[in-house]
Amino acid sequence: MGATANLDELLFECGLESLHPGGLGFTDRLVRMCGAAEGLKVLDAGSGRGATARLLARSFGGFVTGVERQERLVAWASAKAREEGLDSRARFVAGDVAKLPFGDGLFDLVLSECTATLVDRPAVFAELLRVLKPGGRLGLSEVFWRSEPPERLATATRLHWDGFTTLTFDAWRAWIESLGLVNILAEDVTQTPAEVQSQMTRDLGLGGIIRLGVLLSARPDLRASVAEYRDIVRDYGPYFGYALFAGTKP
């Protein structure tokens, strides 16, 4: 597990349910872009602690399967779904999004939030589209470059963020079109680094912030990861954007 994954798990442990910019508010926005309706079969690829799946099950009446490579997160998500009485609509399995354990064309809607920058994109998107029904929708939320980054920034994010790579907004849209998707919607929902930090602070709450400080005090490796993240955002914040995309499989 890389430094970013370790830090993500620590944030989950401190009570943060959603790690991407905008939190569940942007998830709700993405799902509405995709035309979610009651009874849809949904795949949440890279489901983390299961917040997106539970939102879909609770607010949209979907039947959601979350796939997550970390078994500990799968256990957390499953327990939370049971606690909220959602386990008949939200289930979670351990698996690789590049080798999904499902047959072809099973899902009406496939979602990927802040996953595609850390994986083999061609392999993963081939799998996401394989399990999506014809006429189904693919929803993607992802960090993008607001302008072409200097090589030192691209190198720093690859090195410190578990192999992170991304594209510009226009290049993401072109990539999605290259997959054969149609009726594509794309929305730039970029927040400032201060807005992202404020959202995360609100979501953690005072108890979560205190717990995070205590846990970080015992983990010099993760303190170094936090410092690296802070330095990259401080020095290069204007390069980072965040966008929502949706497209239909013909």
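Glu 142 sits in strand E5, which covers residues 132–145. Keep in mind that this is a predicted model. Is Glu 142 buried or exposed? Glu 142 is buried, and yet it has no salt bridge. The nearest side chain of opposite charge belongs to Arg 121, and that is 7.0 Å away. A salt bridge needs the nitrogen and the oxygen within 4 Å.

So what does the side chain of Glu 142 reach, then? Look at the backbone. A polar atom of the Glu 142 side chain lies 3.2 Å from the backbone nitrogen of Thr 115. The Glu 142 side chain also reaches the backbone nitrogen of Ala 116, at 3.1 Å.

Now the neighbours. I leave out residues within four places in sequence. Glu 142 then contacts Cys 114, Thr 115, Ala 116 and Thr 117. It also contacts Trp 172, Gly 241, Tyr 242 and Ala 243.

One name on that list takes us to the cysteines: Cys 114. How many disulfides are there? The count comes to 0. Why no bond for Cys 34? Its sulfur is 15 Å from the closest cysteine sulfur, the one in Cys 114, and that is too far for a bond. The cut-off for a disulfide is 2.5 Å between the sulfurs. Turn it round, and Cys 114 is in no disulfide either, with the sulfur of Cys 34 as its nearest, 15 Å away. Cys 34 is buried, because its relative accessible area is 7%. Cys 114 has 26%, so it counts as partly exposed.

Next, salt bridges. The structure holds 13 of them. I will show you a few.

Start with Glu 187 and Arg 29. Their side chains meet in a salt bridge, at 2.4 Å from N to O. Where do the two partners lie? Glu 187 is in strand E6, residues 182–188. Arg 29 is in helix H2, residues 23–33. So this pair ties together parts that are 158 residues apart in sequence. Glu 187 is partly exposed, at 25% relative accessible area. Arg 29 is partly exposed too, at 36%.

Second example. The side chains of Arg 158 and Glu 151 meet in a salt bridge, at 3.2 Å from N to O. Arg 158 has a relative accessible area of 37%, so it is partly exposed.

Third example: Asp 231 and Arg 230. Their side chains form a salt bridge at 3.6 Å, N to O. Which residues join them in one network? Arg 234 and Asp 235 do, through salt bridges that share partners. As for exposure, Asp 231 is partly exposed, with 26% relative accessible area. Arg 230 is at 49%, so it also counts as partly exposed.

Last stop: Ile 209. You will find it in helix H8, residues 193–217. Its relative accessibility is 36%, so it counts as partly exposed. What does Ile 209 touch, once residues up to four places away in sequence are set aside? It touches Thr 201 and Leu 204. Now find Leu 11. Leu 11 and Ile 209 are 198 residues apart in sequence. In space, their C-alpha atoms are 9.4 Å apart.

To recap. Glu 142 is buried without a salt bridge, and its side chain reaches the backbone nitrogen of Ala 116. The disulfide count is 0. The salt bridge count is 13, and one of those bridges links Glu 187 with Arg 29.

How values were computed. Residues numbered from 1 in each chain as written. Predicted model: local features only at pLDDT ≥ 70, side-chain atom pairs only at ≥ 80, totals over all residues. Heavy atoms only, no water. Helix = DSSP H or I, 4+ residues; strand = E, 2+ residues; numbered from the N terminus. Buried < 20%, exposed > 50% of the residue type's maximum accessible area, 1.4 Å probe, protein only. Contact = heavy atoms within 4.5 Å. Lys, Arg positive; Asp, Glu negative; His and termini not counted. Polar contact = N/O pair within 3.5 Å; in protein donor to acceptor, adjacent residues only side chain to side chain.
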